[in-house]
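Biologist: I am new to this structure and would like a close look at a single part of it, with enough of the surroundings to place that part in the whole. Please take your time over the answer.

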Amino acid sequence: MITFSIALLILVLGYFFYGSFVERVFAPDYAKKTPAMVHPDGVDYLPLPSWRIFMIQFLNIAGLGPIFGAIMGAKFGTASYLWIVLGTIFAGAVHDFLAGMISLSNVGESLPQIIGRYLGKKTQKVFGVFAIVLMILVGAVFVSGPAEILASMTAWNPFLWIAIIFAYYVLATLLPIDKIIGRVYPLFAIALIFMALGLLVMLFVKQPDLPEMWNGFGTKYETNPIFPMMFISIACGAISGFHATQSPLMARCMKNVRIGRPVFYGAMVTEGIVALIWAAVATYFFAENGVADESGRVFSGAAVAKSICHDWLGSFGYVLAMLGIVFAPITSGDTALRSARLMVADAMGMEQRSIPRRLMVSIPLFILTIGILAYSIIDKNGFAIIWRYFAWCNQTLSVFTLWAITVYLFSAKKLYYVTLLPALFMTAVCTTYMCVAPECLGSVFPSLLSYSYVISIAAAVISLLCFCAWARKQK
């Protein structure tokens, strides 16, 4: 428990100290009016109370990542604690905060527009397609998981729950943000926070024999290399490109620039705390039960979460906790499709005040999402394949975003090292994963496995040299 307690304390202190430092680096103009106050449209640009914005941002970025990702990443032992803490403070929260603040400073621009502004129009076009595909993948993968959990808690068929959840997605994508999202998200967030706090209390009450950092990083349960697999498995709990697509949604709803750090940096730190709690709980579970049951079936993230919540939180706590686990991905899936609608609309210069215009953009997105969802259901390995592509796309998105923010900070004569170093690290992570993962180049060129680290270092060095050359040209 010593390593876990220290990690938890560092996360909290990171918000106050490093979060304040990054805010000073960005130096917001607190007197500037926000997009919601200058261009209210009653649909997407709509002022909301600060506490609601925090709750919405927290649920937008949470998804399954800080729970299932942390559970799977816990197989790497205490190394997962380090990545969650350091990744959250120095990469993920910085990434989310600066993406949101840049959007806030540019009339609530969507992420592809921000990328185009700082990395060029050609990059914007490629990235725009990439980001929209990722949003559709999120909308698809975050349907079936909650549907299966709800089916296990009720007598209803999973396909009925899939239909209900997707119908909710349609409404949340089309209706003004205050009609559904602004009203139900705070309730969902309370369930998720209650679950995390309940488990945190039980950790200190039970005082389980958790592994300590000085006893080594690896465990007998994970044979994959820590680099890059742990950094892909634990995404939303440390850094996630998906988050940068959600920050502009809240940038369009803020009344005041001053709440930027609590909303963007604070929501990511809160998610990091949730991920750290689940990583600790999962290390205890795997130490007690191994990674498979008596039949040899490997425990899934859902199985671990259900078992722990049932044993530790009692009947009422179990139901509330499971609802929190269900709501987290649903509330990421709906805003993912909403983000996709806004990205397409921004790229086409199409206003979104009228319902016909919203439908014109949304219907093709719904059709594509249903197609991917159907594939994940029909093919027995469909969900696993889609999830792996989502995981890689997600972290690659963070690379694009970090480089764009680095260019912005350099151009604005601000301390760009706060994002340059995470950008180089994540470039190496994603390059290595491309070399070794079967869904990328690993199955086509098996020999890349032997040279993956060399290739990743080369990719990071080349990226740095290109940035230095560009920076020298700007001077």
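Biologist: Between which two helices does the loop that holds V107 lie?

Modeller: This is a predicted model, and what follows is computed from it. V107 sits in the loop that runs between α5, residues 79-105, and α6, residues 111-119. Just after α5, V107 takes a positive phi of about 60°, and that positive value occurs here in a residue other than glycine. As for its surroundings, V107 has a relative accessible area of 42% and is therefore partly exposed.

The helix that leads into this loop deserves a careful look. At 1.5 Å a residue, the 27 residues of α5 should span 39 Å, and because its end C-alpha atoms are 37 Å apart, the span agrees with that expectation. Even so, α5 is bent, by about 55° at T88. Most of α5 is covered, with 23 of its 27 residues buried, whereas V107 in the loop is partly exposed.

On the other side of the loop, α6 has buried residues of its own, namely L111, P112, I114, I115, G116 and Y118. An α-helix has 3.6 residues a turn, so residues three or four places apart point the same way. After α6 comes G120, whose phi is also positive, near 105°.

From this part we can follow one link across to another helix, since H95 is among the residues touched by S398 when residues up to four places away in sequence are not counted. S398 belongs to helix α15, and at 0% relative accessibility S398 counts as buried. The other residues that S398 touches, on the same terms, are I239, S240, G241 and M426. By comparison, P262 is 136 residues from S398 in sequence and 21 Å from S398 in space, C-alpha to C-alpha.

The loop after α15 offers a parallel to the one we began with. K413 is found between α15, residues 382-411, and α16, residues 417-436, and the phi of K413 is near 60°, a positive value in a residue other than glycine. Where V107 is partly exposed at 42%, K413 counts as exposed, with a relative accessibility of 77%.

Further along from α6 is helix α7, residues 121-153, which holds L137. L137 counts as buried, at 9% relative accessibility, and its contacts, leaving out residues up to four places away in sequence, are with I372, I386, F390 and C393. The C-alpha atoms of L137 and W403 are separated by 23 Å, and these two residues are 266 apart along the chain.

Another helix with a change of direction is α14, residues 355-378, whose 24 residues reach 33 Å from the first C-alpha to the last, close to the 34 Å expected at 1.5 Å a residue. In α14 a kink of about 30° lies at S362, shortly before the proline P364. S362 is also one of the buried residues of α14, together with R358, V361, L365, F366, T369, L373 and S376. A proline appears in another local feature as well, for the peptide bond from F227 to P228 is cis, with omega near 15°, and P228 is placed in helix α10, residues 226-233.

To set these parts in the whole, the protein has 17 helices and zero strands. With 475 residues, a compact globule would have a radius of gyration near 23 Å, and the 21 Å of the protein agrees with this. The C-alpha trace spans about 60 × 50 × 45 Å along its principal axes, and 59% of the 475 residues are buried. Among contacts between residues at least 6 apart in sequence, 82% join residues at least 24 apart. The accessible surface comes to about 19,100 Å², of which 69% belongs to carbon and sulfur atoms.

Lastly, a search of the whole structure finds zero disulfides. The sulfur of C466 is 9.3 Å from the closest cysteine sulfur, in C468, and this is too far for a bond because a disulfide needs the two sulfur atoms within 2.5 Å. C466 counts as exposed, at 51% relative accessibility, while C435 counts as buried, at 5%.

Conventions: Residues are numbered from 1 along each chain as its sequence is written. This is a predicted model: local features need pLDDT of at least 70, side-chain atom pairs count only at pLDDT 80 or more; totals for chains, interfaces and linings use all residues. Side-chain values use heavy atoms; hydrogens and water are left out. Helices (H or I, at least four residues) and strands (E, at least two) are DSSP runs, numbered from the N terminus. Buried means under 20% relative accessible area, exposed over 50%, partly exposed in between (1.4 Å probe, protein chains only). The expected span of a helix is 1.5 Å times one less than its number of residues. The bend at a residue is the angle between axes fitted to the seven residues ending there and the seven starting there. The radius of gyration is taken over C-alpha atoms; the globule rule is 2.2 Å times the number of residues to the power 0.38. Contact means heavy atoms within 4.5 Å. Accessible areas come from the Shrake-Rupley method with a 1.4 Å probe; for residues, only the protein chains shown count as cover.
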